[in-house]
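User: Hi, I'm new to reading protein models. Could you walk me through this one?

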Amino acid sequence: MADTILSQDHGQWVEVTLNRPEKLNSFNDQMHLALRDCLEQAIKDQKRAILLTGAGRGFCAGQDLGDRDPSKMDGAPDLSKTLNNFYNPLVRLLQNADLPIVCAVNGVAAGAGANLAMACDIVLAADTAKFIQSFANVGLVPDAGGTWNLTRLLGPARAKALAMTGEPISASQAADWGMIWKAIAADDLMSEAHALTEKLANGPTFGLARIKKAINAAATNNFDEQLDLEAQYQKSCGASADYAEGVNAFLNKRKPEFSGQ
């Protein structure tokens with residue numbers, strides 16, 4: 001695996017680290033492909049959770065603009081190719097993976113880096129971290145699902161203001177607004193992220209995957225469609241080994257041992 005991405009196996013789960021700290025973990029093509037390969041391998045290996053974080057003082061500064069500089073190219077770049085070939089497959093993979101994905105934002109998350117974090121299921125951030133929709137500063141629109149996630153999480157008024165001004169917001173403000181789960185003291189971030197990912201990986205991941213899918217679907221389903229989806233997922237969960245184990249453990253007053261099946 002390319003050294004732009006680091007992977008550490010924790011048994012039931014894997015820790016994935018963006019590793020271009022000298023560039024604030026901004027994406028080049030190599031890093032994109034390495035991250036996708038790493039995530040797909042974790043899914044293939046039937047890992048039960050993934051933790052995503054960044055090396056150094058930043059989480060991710062988005063796209064490395066040095067690779068998309070019009071002054072060094074013959075004609076204008078087609079940025080839709082960057083999205084269709086790299087960012088869109090990545091955020092679709094994060095949203096559609098049948099396992100919980102935790103993101104530990106250890107520093108600045110800017111541009112597509114902020115939107116990469118929001119594509120994960122549970123986001124923890126160091127209280128020193130900032131989120132910046134920096135696209136407008138270079139004449140672009142938020143991508144990597146940014147316009148969808150910002151609007152869904154914050155509402156159109158805040159989404160437009162953040163996208164149009166490029167104004168940074170702190171981790172604590174992001175948590176207060178419901179953009180992320182928690183802001184945590186920087187020294188405690190990784191220990192809490194590890195504990196959370198471990199807990200999820202040892203949990204009833206058959207049901208957790210369907211919680212993820214149901215909540216994602218709620219953004220576009222109407223009420224009746226969502227009720228039908230809940231019934232469908234509850235049927236499959238009720239037939240799962242995890243449900244049988246959970247009920248047995250509850251009735252016998254013991255800790256459950258879930259298999260994710």
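Here are some questions and answers about the strands, helices and a few single residues.

User: Before we start, what kind of model is this, and how are residues numbered?

Analyst: This is a predicted model, where local features need pLDDT of at least 70 and side-chain atom pairs count only at pLDDT 80 or more, while totals for chains, interfaces and linings use all residues. Side-chain values use heavy atoms, with hydrogens and water left out, and residues are numbered from 1 along each chain as its sequence is written.

User: In what order do the six strands of the open sheet come?

Analyst: Strands here are DSSP runs of E with at least two residues, helices are runs of H or I with at least four, and both are numbered from the N terminus. Two strands pair if DSSP finds at least two bridges between them. The pairing in this six-strand sheet is mixed, and the twist averages 20° from one strand to the next. The order is 1-2-3-5-7-10.

User: Which strands stand at the edges of that sheet?

Analyst: An edge strand has a single partner strand, so one side of it is left without a neighbour in the sheet. In the order 1-2-3-5-7-10, that applies to strand 1 and strand 10 (182–184).

User: Which residue of strand 3 stands opposite Val16?

Analyst: Val16 is in strand 2, where it is also the bridge partner of Ser7. Strand 1 (residues 5–9) pairs with strand 2 in the antiparallel sense over five bridges, whereas strand 2 and strand 3 (residues 49–54) pair in the parallel sense over six bridges. Across in strand 3, the residue opposite Val16 is Leu52.

User: How many of the residues of strand 2 are buried?

Analyst: Buried means under 20% relative accessible area, exposed means over 50%, and partly exposed is in between (1.4 Å probe, protein chains only). In a regular strand the side chains alternate between the two faces of the sheet. Trp13, Glu15 and Thr17 are buried on one side, and Val14, Val16 and Leu18 are buried on the other. Strand 2 (residues 13–18) is largely enclosed by the rest of the structure, and its buried count is six of the six residues.

User: Which residue of strand 7 stands opposite Cys103?

Analyst: Strand 5 (residues 101–105) and strand 7 (residues 122–126) run parallel and are joined by four bridges. Opposite Cys103, in strand 7, you'll find Val123.

User: What is the strand order in the four-strand open sheet?

Analyst: Its pairing is mixed, and strand 4 (58–60) and strand 9 (169–170) stand at the edges. Inside it, two bridges join strand 6 (residues 108–110) to strand 8, and these run parallel. Ala110 stands opposite Ile132 in strand 8. The order is 4-6-8-9.

User: At what angle do helix 1 and helix 2 pack?

Analyst: Two packed helices are described by the angle between their axes and the distance between the axes. Axes are lines fitted to C-alpha atoms, for helices over the stretch in contact, and angles run from 0 to 180 degrees between N-to-C directions. The axes of helix 1 (residues 29–44) and helix 2 (residues 79–96) are 10 Å apart, and the angle is about 25°.

User: Is helix 4 roughly parallel or oblique to helix 5?

Analyst: Angles under 35 degrees count as roughly parallel, over 145 as roughly antiparallel, 65 to 115 as roughly perpendicular and the rest as oblique. The axes of helix 4 (residues 146–154) and helix 5 (residues 156–165) come within 7 Å and cross at roughly 135°. That makes the pair oblique.

User: Which residues does Gln226 contact beyond its neighbours within four places in sequence?

Analyst: Gln226 sits in helix 9 (residues 223–238). Its relative accessible area is 11%, so it is buried. With contact meaning heavy atoms within 4.5 Å, its partners are Ala214, Ala217, Ala218 and Asn221.

User: Is Gln46 buried or exposed?

Analyst: Gln46 lies in the loop between helix 1 and strand 3. Its phi is near 60°, a positive value in a residue other than glycine. Most residues other than glycine have a negative phi. With a relative accessible area of 65%, Gln46 is exposed.

User: And Ala144, is that residue buried or exposed?

Analyst: Ala144 also has a positive phi, about 55°, although it is not a glycine. Its place is the loop between strand 8 (130–132) and helix 4. At 2% relative accessibility, Ala144 is buried.
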